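Reader: I have a model open and want to test the labels put on it. Can we go through them one at a time?

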Amino acid sequence: MRPNVIVFFTDQQRWDTVGPLTPNLERMAGHGTQATVAITPQPVCAPARSALQTGRYPTATGVHRNGRVLPPEERTLAHHFGAAGYATGYIGKWHLAGEEPVPEHRRGGYRSWLAANALEHTSDAYRTIVFDEANEPVMLPGYRSDALVDAAVRFVADHADEPFFLFLSFLEPHHQNELDNYPAPDGYEERYQGTWMPPDLATLGGTAHRHMGGYLGQVKRLDEGLGRLLDALRSMDLLDDTIVAYTSDHGNHFKTRNGEYKRSCHDASLRVPLALRGPGFDGGGAISRPVSTIDLPPTLLDAAGLPVPEEMQGRSFLPLLRDPGADWPEEVFFQVSESEVGRGIRTSRWKYYAVAEDADPWNDPAAARYREQALYDVVNDPYELVNLAGHASHERIAAELRERLVRRIVAAGEAEPV
C-alpha cells in the first residue's frame, strides 16, 4: 500500500525559529528526518511555489517573479500523484494564478480545492475567506492557521479509505500586507515579544524589534496546528502510513538587507525549515549536507514509490538517508528576482553571490553578465555579517566558487553568463 502524503507549507518562516518554540516540529524531526541546511531556490513567494509544485527552477517554469502564472502545461505534484490514483487536495494560499478566484485550469491539477490565490488579500487573522471547487466563497471559522488545519483534518477524514496527497499552504508567519504587521492569535504577541532576537536582526535593526513578538506567536500557533494534525492522523490510525513534510517558501530578514522582507542572498531569506516523518523517513536522523526545497517534489514521489519525471531539476535526497556519503552536489543553487537579478550557490562552508549589472529585476528572468557581490564564510559567520567579496585573502576560493556557480547556472537551463 502506498503512503499518504501531506505537505505542511508555511510562508516566510526563518530556519532558526525551529527549536523550543516548536516542540511538535522538533519531535517530528527527531522521530523522522531533518534537513538542517535547507535552501529555497528563490526567496520570493510565487517562484518558490512554482518550484515546490514542479521540481523545476522558476526560470524553467516561467514563474521567475510574482505576478507570473504557472503554465497549464507544467506538470505538478498533483498531476503525478493523481495519475497514480491518489486523491489530491489543495488548501490555503496558491499564488500561482493571475486571478481570484482561481479557475479550474489554473489549479495545477488539484481535484479538491479550498484555496485563494492571494490569501493575504482575501482574509485577515480572524476572517479566512477561501474558494471551493465551484469558486464559491467559503468562510472558515477560527484563527486563520487553525481554520486551515481544521479543513485539512476534514479532508483527511473524507479520504481516509484511499491514498491521498494534500498540500496545506498557510499564510503565516507572513505579514498582513495592508497593515504591515504580523497578527498572532490574541495574547501570543505579548507572550513572545522581547524573548529572542537572531544575531543578524539584533545587529542590523530593521523592523524585527517591532514585529518579532507577533511573528513568533504565529510560528507557535502553526506548531500547535501541526500537533493537532498529527493527533488527528493518529486517531484515524493513519499516522504510520502518512508522510508529513514541513517546510516554507522562504525566510524573512525584516528589512535588514533591503526595503522589505525577503529577495536577498542571505540565509535569513533563503534558509527554511525542512523536516519529514512517515514511511521512508522515520529514523532518518539529520541530513547535514545542503539540500534545496526543489529536491522535495522528487523526494516525495520517490518515497511513495512513484517514478521521478526526467523534467524535474531537483533530485531525491532519499539516498542521503541510507548513506550520508552518497553522491550529492556540494552546493545548492539559487536565483533571486524582483529586487535584483541574482545568482548564487550555498555550500556547507561558503555562500557566493553575483548580481546582474544591466538587467530589469522585474521583467528580466536572467542576464548575460553578473558581478560578484557577496562571499560569506557561513561556518565562522553564520548570520552573514562580514562580506568577504573582493578581499585578496579570499580570491582563490572566490574564483573556484565562481566557476561552480557558472556550471550550475548552465545546468539550470540558462545560457552561460560572463
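Reader: What makes residues in the lining of the largest cavity nonpolar, polar or charged?

Author: The residue type decides: Ala, Val, Leu, Ile, Met, Phe, Trp, Tyr, Cys and Pro count as nonpolar, Asp, Glu, Lys and Arg as charged, and the others, Gly among them, as polar. The lining divides into four nonpolar, one polar and five charged residues. Among those lining this cavity are Arg 14, Trp 15, Asp 200, Arg 257 and His 266. This is a predicted model: local features need pLDDT of at least 70, side-chain atom pairs count only at pLDDT 80 or more, and totals for chains, interfaces and linings use all residues. Residues are numbered from 1 along each chain as its sequence is written, and side-chain values use heavy atoms, with hydrogens and water left out.

Reader: Why is this space called a cavity?

Author: On a 1 Å grid over the protein atoms alone, a cavity is a set of points where a 1.4 Å probe fits but cannot get out, and lining residues have an atom within 4 Å of a point. The structure holds one cavity of 30 Å³ or more. The largest has about 50 Å³ of space, a volume being the space filled by probe spheres set on the points, which are joined across faces, edges and corners.

Reader: How do you know that Cys 45 is in no disulfide?

Author: A disulfide is a pair of cysteine sulfur atoms within 2.5 Å. The structure holds zero disulfides. For Cys 45, the nearest cysteine sulfur is that of Cys 265, 18 Å away. Therefore the pair does not meet the cut-off.

Reader: Why is Cys 45 called buried?

Author: Buried means under 20% relative accessible area, exposed over 50%, partly exposed in between (1.4 Å probe, protein chains only). Cys 45 has 2%, so the label fits. Cys 265 is also at 2% and counts as buried.

Reader: What makes helix α2 mostly covered?

Author: Helices (H or I, at least four residues) and strands (E, at least two) are DSSP runs, numbered from the N terminus. Helix α2 spans residues 45-54, and 10 of its 10 residues are buried. Arg 49 and Gln 53 are among them. Just after α2, Gly 55 takes a positive phi of about 70°.

Reader: What makes a set of residues a nonpolar core?

Author: The set must be buried Ala, Val, Leu, Ile, Met, Phe, Trp, Tyr and Cys residues joined through side-chain atoms within 4.5 Å. The largest has 44 residues, with Phe 81 and Phe 165 among those with the most contacts inside it. Helix α11 (residues 296-303) gives the largest share, four residues. A second, separate core of 36 residues includes Leu 25 and Ala 151.

Key:
On a 1 Å grid over the protein atoms alone, a cavity is a set of points where a 1.4 Å probe fits but cannot get out, and a pocket is an open set with protein on both sides within 12 Å along at least five of seven lines; lining residues have an atom within 4 Å of a point.
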